[in-house]
Amino acid sequence: MLKEYDVIVVGGGHAGCEATAAAANSGSKVLLITMNMGTIAQMSCNPAMGGVAKGQIVREIDAMGGYSGIISDKTAIQFRMLNMSKGPAMWSPRVQSDRWLFAQEWRLMLEKTPNVDFWQDTVMGLKLESNKVVGVKTALGLEIEAKSVVLTNGTFLNGLIHIGDKNFGGGRAGERNSTGITEELIQLGFDHGRMKTGTPPRVDARSLDFTRMEEQKGDEYPSKFSFTDTKPLSQQRSCHITYTNESVHDILREGLDRSPMFSGSIEGTGPRYCPSIEEKIERFAERNRHQIFVEPEGWNTVEIYVNGFSTSLPMDVQLKAIKQIKGFENVKLFRPGYAIEYDYFPPTQLKHTLETKLVENLYFAGQINGTTGYEEAGCQGLMAGLNASLKTQQKDELILARNEAYIGVLIDDLITKGTKEPYRMFTSRAEYRILLRQDNADIRLTPISHKIGLASDERLRAVEAKERQTKEILDLLGSHSIEPDVANPYLEDVGTSPLKQKVKLSSIISRPQVSISSLNNHVNTEQIGLNNYDPECLEQAEISIKYDGYIKREREMADKMQRLEDITLKHDFDYSALSSISSEAREKLSEIKPKTIGQASRISGVSPSDISVLLIHFGR
């Protein structure tokens, strides 16, 4: 033990856990080094997984053989499918999780994973030979050798916690920060920066009046994340919604002179789409209230996460202001909110595999790359751990394209465009989001993950059965007709025009007001056997019919763009010799060193005319 490994993963957060699982399950001997074995897979912020676009990522992780979806299902206390009023490209699953069970299940799954060793220690530096990483150095004075290293340090790199005018080193409340790695990476030539994130107070549910809040229940028929045989919830815990008001805002404004956000104490850039409550009242001064989600932290605990009230204001201001929220008049705090700033390394310094360009066999994943969120971290960890493992086994790398997965969109965005603020995934970032739905993640990715040994034979058989059933349903709906006298009472009931002649069932299903399930409830379709099929396959068939034109159009667009992805560029190509492209394009192309013309076209500052010059130069 502790002599030599194929892959060493540094950090036991969401990125580190998925990296460890992916590397081990793809055949590598892995060591997970974490500062505290008791906080593996800790949910540092809100006790929830998924959400808009994030839910798609969790399903993709699951389809790739990762663990996040399985653990989310096992530890969920509420399930909701968001955006159901919109098209299926926008449907996004989300669970409220039991924070303690989540971390426990993650550790147990990793302990049951062959090829994984654990070590509690702090990594202080890297072992290098000829610009190649060959291991790590720890605070206990150990030098542990490895063929590759994955850094997933989260908010711990020179982490600094702020509460009012007080600040102290830490990577998370009650945990010390990590020093040494940043300084070494800078010496090696890496660019770095500072980012910040925040968290709200945790409060005692026994001190809240939930009768004064709006109850937010889970779905009546809850679904799940994993494509495996995890069970959907049979009972759920409710969340609640309340609002800030002008009294809350007035108190917060009185304390702004003591806020590290406005005093200049915090240098790091915070997340645009998850601002602190003090940022909200300044940025959206015209609003007289902001929504607060009151989220339980588990099945049996009274601890509550006050989602929407992230703050780094002094503790006395936090308590005075939060007591003015409806239902919080007698609130008791468990701990105050705080902000934390930490080091990150601009991800343009990475390859698509998440290996660094400067140091061979060194990989970055998670918040070290400037992202925010468990889901974004988890998918990076999976891809970094997998590619580190594949490289040590001298196998081909795996890169997911933008038209294959949100994971591909996220990584391509990071390494091509970079980020100067915490990056969060949205459906709007994906140009092929009709193709990248949460419902078809298994169809898109399981065959890929099966080829490299991550997805089991059982998973692949399940996907093949799903595709087969879906095709059978489409054939049935396309070959069976329905008479006007049978269909019209139902059509009038759902508010769509009646039939004048017999039509195929698929024609009826294509109408936005009609669904297969409601058609089944109103019209006797037993004779064609629709009731014999899995609801998931019926949903697939319905989406295929309703969005057939959009799906075909996106596939055609993806195919056209793929032609640009097929034109590769040499890593050492001298762009300064191309006088016909703009000076900005020369600078950006020389910095990013895109792998393909397609990637070059997505670099900020590279215009279509610059791409035309490149195409002509390469004889295309």
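**Cores.** I began with the nonpolar cores of this predicted model. The largest one has 101 residues. Inside this core, the residues with the most contacts are Ile8, Val149, Leu151 and Leu362. I then asked which helix gives the largest share of the core. That is helix H10, residues 374-392, with nine residues. A second core of 23 residues is separate from the first. Among its members I noted Leu476, Leu505, Val523 and Cys537. In soluble globular proteins, nonpolar side chains tend to be buried together.

**Leu151.** I looked up the contacts of Leu151, setting aside neighbours within four places in sequence. The list includes Val10, Leu126, Ile181 and Leu185. Leu362, Tyr363, Phe364, Ala365 and Ile368 are also in contact with Leu151.

**H2 and H11.** Next I took a helix pair. Helix H2 covers residues 54-63 and helix H11 covers residues 406-417. Their axes come within 9 Å and cross at roughly 110 degrees. Angles of 65 to 115 degrees count as roughly perpendicular, so H2 is roughly perpendicular to H11. From H2, the contact uses Gln56, Ile57, Glu60 and Ile61. From H11, Tyr406, Ile407 and Leu410 take part. I sorted this contact by class: five nonpolar residues, one polar and one charged.

**Whole chain.** Last, I stepped back to the chain. I found 21 helices and 22 strands. The radius of gyration is 26 Å, and the globule rule gives 25 Å for 620 residues, so the chain is as compact as a globular protein of that length. The C-alpha trace spans about 80 × 70 × 55 Å along its principal axes. Of the 620 residues, 58% count as buried. Among contacts between residues at least 6 apart in sequence, 72% join residues at least 24 apart.

Notes:
Residues numbered from 1 in each chain as written. Heavy atoms only, no water. Axes fitted to C-alpha atoms, helices over the stretch in contact; angles between N-to-C directions. Helix = DSSP H or I, 4+ residues; strand = E, 2+ residues; numbered from the N terminus. Parallel < 35°, antiparallel > 145°, perpendicular 65-115°, else oblique. Contact = heavy atoms within 4.5 Å. Nonpolar A, V, L, I, M, F, W, Y, C, P; charged D, E, K, R; others polar. Core = buried A, V, L, I, M, F, W, Y, C linked by side-chain atoms within 4.5 Å. Buried < 20%, exposed > 50% of the residue type's maximum accessible area, 1.4 Å probe, protein only. Rg over C-alpha atoms; globule rule 2.2 N^0.38 Å.
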